[in-house]
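Student: I have a structure to read and do not know where to start. Can we take it one feature at a time?

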Amino acid sequence: MAVNNDTIIYSLHQLETLLFHGSILDEIESHPLISLRDQLKSINPKPDSRTIDEDKKLIAELNHFEINAFYHLIKQYSLIAPSTLLTALFDVIRFKISMDMETYPSICEYYFDWSLTYLAADSTINYLIDTKHVPSNMDEYFLALFSRIGHHSVRIKTRVSYSMSISQKKTPTFFQLNDSTERLLQAFIIYLNNYFLNNHQQCQSHFRILNWIVNMTDIYAFVPYFVKTGYPNALSQWMSIKHDERKDISLELWDFIFGILYNLTRHWSGVEALNKCKMINTLKQWKEQYALKLPVVEDDNEHDKEILITYYLAYLALLEPKELKKESISNVQTVLDYILEQTIQAFNSADLFCGPYNVCEFLEGLAKMVVNDTILIYIISRESIYELFIEKFLLFNTICESTTLNTMICSSLYTIIWSISFQPEYSMKLKSNDKLISTVEQRVKNESNDEYALEMKRVAKGILFNLDCLQMDAQAIAVDPNSDDNQIKVMVSYAHRDITFCEKIVTELQKYFQGDIWVDFHKLSVSHEDDWEDIAKAISQCDVILMIVTENYCSSKSCRREVIHADKRNKRMIPIYQGNDYIAEDWFEIRAGSATWVRFGDKKSDEAVMESLLKLIDVQDKVKQHDSLVPVRHESHFHSTAEIDANKTNSIKTVETLLPINPNSITEVSNIQLHSSPSVTSHAIPASPIEQWTSDEVQQWLRLPPSTLQLSSGRALLAYMKLLSHDDAQNDEYETRMRHHGVSREQFSNLISSFASVCSLNNIKTISNELSDQWTREEIKTWFQQNHLSSYLLDTLDFTDGSQLITYGQLVVNSPSRIDEEYDRLKNKIGKDLFHLDEYARLLNGLKKLVSQSKLKEEPSLCNI
């Protein structure tokens, strides 16, 4: 009789019947075990007629029988064997299998299948979901064993090929979501609920199961399986357990739970599902309840510190950009310092790992955090961090195509460099790095259609756009000699999430405005946020830019770069707001906040606001005529609803915009002051505190044309002054803006000096431009605050003037041995709980800069701002 799978499976079923309901050792005629042996012998070696699929199916059946036979034999002996020996037996089996997999990684998949055979079996699932009976020790032994074999095999597989964990294109085939595995994942939740929610202490395999889930969700492509089977909601329930009710839940157990949570946040479906469960609120509540259990970063226990990293990586991954921008640096500073240290260590390691995390995971978290300008400045102000990012950016650009991991690292570094390019004090440093610019330009030319390559190309264009290095066809930007010079060109800048409102505005404009309106959904065949060459050309050619300013707009890096590009080219801007509540972010207020604006949805009707907008566009054009000293009278570009008498446009006169004064915190400008020439002689200082200055008072004090510097309030002036606190920023501001408006270096120097004077008169803490050895006690205190140094350190050192600070810096930074000695002295004097190495590093970094600047200022120099 021919032997096939059916005959062999029949023999297996006979054996199982004897195993479960009789005695497999009874001597009976034609024993199924003998039949099974003869059948397997006949097909070994395998005849050519058998297929691989047939063999795989047969192996699965044999595995199932092998596990069942082992289970029942052990169960019989457990009645007479001590529990210590049973534990030792299971450990021996586990260690032997672990050694197999460590020595022969290719066998991992076989052992994973073997463990899954037990875990997904009906008997195991029935045990997992049965919440009524008391768990048995034997079932717990087997559940723990096969869970450990499973997670260990996956851990080795991902260690051998880490790209398996992060690949967004390929889904590993060794685990698939089907009826059997879906039941298993759901059964695990029921079992874990029994432990967490019902406090069944007999469920002793919860650690092993959680570890299995952590390793499985560590594979990006598997995350949707766990989202579909309800893990986001389960995590939310477990983390909502009150500390007073379950003090027995250890920090190690929470570490597993946060590991699963973080893994889910790596996939968009996980983020979406977790946000539906309001996981951000759950995380905050958990931290409030379990804060005392959390380790401090300065502790020596590296494993305990990992829970902080995991917590914050998950927390930041779930935050929307608009929420992340509101995050205070004080909330994340300690952990951020630790993440930066871990990033450095990971970069320095051979496998790019530090603890359980690869450097790409740290960078992915940092790339999201730098959307917050305060956090970004803090990060790149840390000693050597900016240089590290630049070094690794250049390195991974050359090797990014070699592996998926290198590609992800390079992609995150592009995002970080892009964010840095928005900062005025760093844009000049980036622009002066010829190798970096060349590398980014090469990336723009890359023609790969790979998803990561396309994203890096888009960001590369953004970097060049921000640095004014985006290569465009000069002929395309030049004014067409055959065009109508009288035609006003309007460009509309908006966030794509606000396209409905934008379309409404453009439609209404077209009813009355006869000039040229450039908006991407009309001018481009397919509008994308990365059509930057076309957008740059539109900004360069337009006369007026309408900006639809919403929360979406201020949160968009694409919109931000458009504002910066327009501001650098002195383009007329008209912000358009919607509703009463929204106030633009500081970066927008500095760049365009004092431009005359309109607001829809206010007390006025939409028709009245549109009429004001049309008149404002026409007035803006007349301002452009005067500033450019073009003796040409433009004809009106509107129908009769927007007539304005052009004869009122004289060299120093005011052109009324006919816009009402709005009582909101952003002051709507009611007129535009035209000046015949730039002057920086400061006007009389208003009596009110600088924070309360209006736009008019700021402009009166500056004595600059609005086209030179537009600041909407005293608060905006303060923010602008803060940006100019560094020499590099001052130089960048002069070269990119002031010089092109006819402001001389001497005039700009007087303006900087006036800033310091008005700060002093208004009791605003700042550091003078005098030599640092001439600083007062107050200026030293401000320097400590700017370098994030504690009051404990300030009081301990107790410097009374700048000369003491400089002398101290020279003594410390020039002696390696004294650096170590001083750290020990300060730590002993302040207390090791209050003074830590990261603060000492900030102190040394600040002192080095002061000593270096002091030496430079002592030497005569021809280079003044």
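Student: Is Asn 570 buried, partly exposed or exposed?

Tutor: Keep in mind that this is a predicted model. Partly exposed covers relative accessible areas between the 20% and 50% cut-offs. Asn 570 has 32% relative accessibility, so it counts as partly exposed. This residue sits in the loop between helix H31 (557-568) and strand S6 (572-578).

Student: What is the sign of phi at Asn 570?

Tutor: Most residues other than glycine have a negative phi. Asn 570 is not a glycine, yet its phi is positive, at about 55°. Ser 384 is also not a glycine and has a positive phi, of about 75°. Ser 384 belongs to the loop between helix H20 (373-381) and helix H21 (385-399), and it is partly exposed, with a relative accessible area of 43%.

Student: Which residues of H27 are buried?

Tutor: An α-helix has 3.6 residues a turn, so residues three or four places apart point the same way. In H27, the buried residues are Phe 501, Cys 502, Ile 505, Val 506 and Leu 509. They span an arc of only 130° around the axis, which places them on the same side of H27. The helix itself runs over residues 499-512 and reaches 21 Å from first C-alpha to last, close to the expected 20 Å.

Student: Which residues touch the most other members of the largest nonpolar core?

Tutor: Nonpolar side chains tend to be buried together in soluble globular proteins. Here the largest nonpolar core has 179 residues, and Trp 212 and Phe 588 touch the most other members. Domain 1 (385-471) and domain 2 (489-618) both contribute residues, so this core lies between them.

Note on methods. Residues are numbered from 1 along each chain as its sequence is written. This is a predicted model: local features need pLDDT of at least 70, side-chain atom pairs count only at pLDDT 80 or more; totals for chains, interfaces and linings use all residues. Side-chain values use heavy atoms; hydrogens and water are left out. Helices (H or I, at least four residues) and strands (E, at least two) are DSSP runs, numbered from the N terminus. Buried means under 20% relative accessible area, exposed over 50%, partly exposed in between (1.4 Å probe, protein chains only). The expected span of a helix is 1.5 Å times one less than its number of residues. The arc is that of the directions from the helix axis to the C-beta atoms. A nonpolar core is a set of buried Ala, Val, Leu, Ile, Met, Phe, Trp, Tyr and Cys residues joined through side-chain atoms within 4.5 Å. Domain bounds come from an automatic or database domain assignment.
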